[in-house]
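Visitor: I'm new to looking at protein structures. Could you walk me through how to read one?

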Amino acid sequence: MRRAFVIPFAQTPGRNALVDLCAIGRVESWRTVNGKTTHKVRCYALSRKMPANELLATVRRHWSIENDLHWQLDVLLGEDQIRGRKNNTAANHAILRRLTLNVLRADPEKIPLSHKRLKARWADQDLLRLFTHMR
């Protein structure tokens, strides 16, 4: 269960003022697993006023991106293990990892991405099939 509050925030101008801060959001969530309930409170600095239900949707959308993209990059492609720091190495590897993820997702075969990746590593014809399927 989730509950959200959005409070308009007016600050006095000055050296310590936060740029574009218009509202403060608070999201409370309760989760019950195996009969044990946990309660979490998260606060957000907002650059625009929004209804509480829009804040809930925005927070959910953010975690959807985190779970769908970043988790796959971290777990499937080992993004956190890359230690290249010279020149543009990190940026180049990031582009190649996202390209790899897009190629794997575009394949119509209904198997997990990890299996598609393994098949491409094991057999050249599977790797070529992945690239030729792209349009």
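Visitor: Let me start with a single residue: does Glu-28 count as buried or exposed, and at what relative accessibility?

Guide: Keep in mind that this is a predicted model. Buried means under 20% relative accessible area. Glu-28 has 6% relative accessibility, so Glu-28 counts as buried.

Visitor: Which residue forms a salt bridge with Glu-28?

Guide: Here's the general idea: side chains of opposite charge can pair when their charged atoms come close. In this case the partner is Arg-3, and the closest N and O atoms are 3.0 Å apart. Glu-28 sits in strand β2 (residues 23-33) and Arg-3 in strand β1 (residues 2-8), so the pair ties together parts that are 25 residues apart in sequence. Arg-3 itself counts as partly exposed, at 38% relative accessibility.

Visitor: How many salt bridges are there?

Guide: The count comes to seven. Another one of them joins Arg-48 and Glu-54, with the closest N and O atoms 2.4 Å apart. Arg-48 is partly exposed, with a relative accessible area of 42%, and Glu-54 is partly exposed too, at 26%.

Visitor: What about Glu-109 and Arg-129, where do they lie?

Guide: Their side chains meet in a salt bridge, 3.2 Å from N to O. Glu-109 is in the loop between α2 (89-106) and α3 (113-122), while Arg-129 is in helix α4 (residues 124-133), so this pair links parts that are 20 residues apart in sequence. Glu-109 is partly exposed at 28% relative accessibility, and Arg-129 is partly exposed at 30%. There's a network here as well: salt bridges that share partners join Asp-107, Glu-109, Lys-119, Asp-126 and Arg-129.

Visitor: Now let's zoom out. In what order do the helices and strands come?

Guide: Starting at the N terminus, the order is β-β-β-α-α-α-α. That's three strands and four helices.

Visitor: Why is the protein said to be more spread out than a compact globule?

Guide: Compare two numbers. The radius of gyration is 22 Å, well over the 14 Å that the globule rule gives for 135 residues, so the protein is more spread out than a compact globule. You can also picture a box: the C-alpha atoms fill one of roughly 65 × 50 × 30 Å along the principal axes.

Visitor: And how many of the residues count as buried, as a percentage?

Guide: Of the 135 residues, 21% count as buried. As for the surface, the protein exposes about 10,500 Å², and carbon and sulfur atoms supply 56% of it.

Key:
Residues are numbered from 1 along each chain as its sequence is written. This is a predicted model: local features need pLDDT of at least 70, side-chain atom pairs count only at pLDDT 80 or more; totals for chains, interfaces and linings use all residues. Side-chain values use heavy atoms; hydrogens and water are left out. Helices (H or I, at least four residues) and strands (E, at least two) are DSSP runs, numbered from the N terminus. The radius of gyration is taken over C-alpha atoms; the globule rule is 2.2 Å times the number of residues to the power 0.38. Buried means under 20% relative accessible area, exposed over 50%, partly exposed in between (1.4 Å probe, protein chains only). Accessible areas come from the Shrake-Rupley method with a 1.4 Å probe; for residues, only the protein chains shown count as cover. A salt bridge is a side-chain nitrogen of Lys or Arg within 4 Å of a carboxyl oxygen of Asp or Glu.
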